[in-house]
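Trainee: I'd like to learn how to read a protein model. Could we go through one together?

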Amino acid sequence: MSIQRGGHTFEGYDKPIMTQKHPKYAAAVVTKVDGKDRLLRFGLQGADRFPKRKGESKADAEKRKNWKARHAQNIKRGPSSKAYWANKFLW
């Protein structure tokens with residue numbers, strides 16, 4: 001089952017994709033919120049993310065820790081939150 005939204009094709013609900021050609025956002029996902037389809041775009045295009053996990057530097061580990069602490073309240077909101085998807089897919 002593929003879903004067409006915002007000029008992108010998604011494999012299904014809650015299946016995030018990278019959006020290389022979008023001018024502002026790096027990724028998108030289609031999710032159900034209150035029974036309605038909702039397209040969520042998240043992650044700034046060109047931002048410094050995707051820190052390496054294995055053998056990463058202390059600075060990268062600290063960067064991830066700080067980002068997660070800063071957005072913890074929004075991450076807790078669940079799949080209707082852009083921060084939830086950025087945490088799950090990008091960080």
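Mentor: Sure, let's begin with a term we'll need: two strands pair if DSSP finds at least two bridges between them. Keep in mind that this model is predicted.

Trainee: Okay. What general idea sits behind strand pairing?

Mentor: Strands of a sheet pair through backbone hydrogen bonds, and they can do so in a parallel or an antiparallel way. Now the case here: valine 29 stands opposite leucine 40 in E5. Eight bridges join E4 to E5, and these two strands run antiparallel.

Trainee: How many bridges join E3 to E4?

Mentor: Two, and that pair runs antiparallel as well. One bridge partner to look up is alanine 27 in E4, which pairs with methionine 18.

Trainee: In what order do the strands of this sheet come?

Mentor: The order is E3-E4-E5, an open sheet of three strands with antiparallel pairing. Strand E3 (17-18) and strand E5 (36-44) are at the edges with a single partner strand each, so one side of each has no neighbour in the sheet.

Trainee: And where do side chains go in a strand?

Mentor: In a regular strand they alternate between the two faces of the sheet. As for what lies across the strands here, find helix H3, residues 82-90. H3 lies across E3, E4 and E5, and runs at about 60 degrees to E5.

Trainee: How does all that fit into the whole chain?

Mentor: The protein has three helices and five strands. Going along the sequence, you meet the pattern β-β-β-β-β-α-α-α. The C-alpha atoms fill a box of roughly 40 × 30 × 20 Å along the principal axes.

Trainee: Next, backbone angles. Which residue takes a positive phi in the hairpin of E4 and E5?

Mentor: That's aspartate 34, with a positive phi near 55 degrees in a hairpin that has two residues between the strands. Aspartate 34 has this positive phi although it is not a glycine. Another residue to check is aspartate 14, in the loop between strand E2 (8-10) and E3. Aspartate 14 isn't a glycine either, yet has a positive phi of about 60 degrees.

Trainee: Is aspartate 34 buried or exposed?

Mentor: For this you need the cut-offs: buried means under 20% relative accessible area, exposed means over 50%, and partly exposed is in between. Aspartate 34 has 78% relative accessibility, so it counts as exposed. Aspartate 14 has 37%, so it counts as partly exposed.

Trainee: What would a buried residue look like?

Mentor: Try serine 81, in the loop between helix H2 (72-75) and H3. Serine 81 is at 2% relative accessibility, so it counts as buried. Leaving out residues up to four places away in sequence, serine 81 touches Leu40, Asn74 and Ile75. Over the whole protein, 32% of the 91 residues count as buried.

Trainee: Last one: how do I read a pocket?

Mentor: Ask how much space it holds and what lines it. The largest pocket has about 280 Å³ of space. Its lining has 16 residues, and Gly43, Leu44, Trp67, His71 and Ala86 lie nearest the centre.

Trainee: Which element gives the most to the lining of the largest pocket?

Mentor: H3 does, with four residues. E5 supplies at least two residues of the lining too. By type, the lining of the largest pocket divides into nine nonpolar, four polar and three charged residues.

How values were computed: Residues numbered from 1 in each chain as written. Predicted model: local features only at pLDDT ≥ 70, side-chain atom pairs only at ≥ 80, totals over all residues. Heavy atoms only, no water. Contact = heavy atoms within 4.5 Å. Axes fitted to C-alpha atoms, helices over the stretch in contact; angles between N-to-C directions. 1 Å grid on protein atoms, 1.4 Å probe; cavity = no way out; pocket = protein on both sides within 12 Å on 5 of 7 lines; lining within 4 Å. Points joined across faces, edges and corners; volume = space filled by probe spheres on them. Nonpolar A, V, L, I, M, F, W, Y, C, P; charged D, E, K, R; others polar. Buried < 20%, exposed > 50% of the residue type's maximum accessible area, 1.4 Å probe, protein only.
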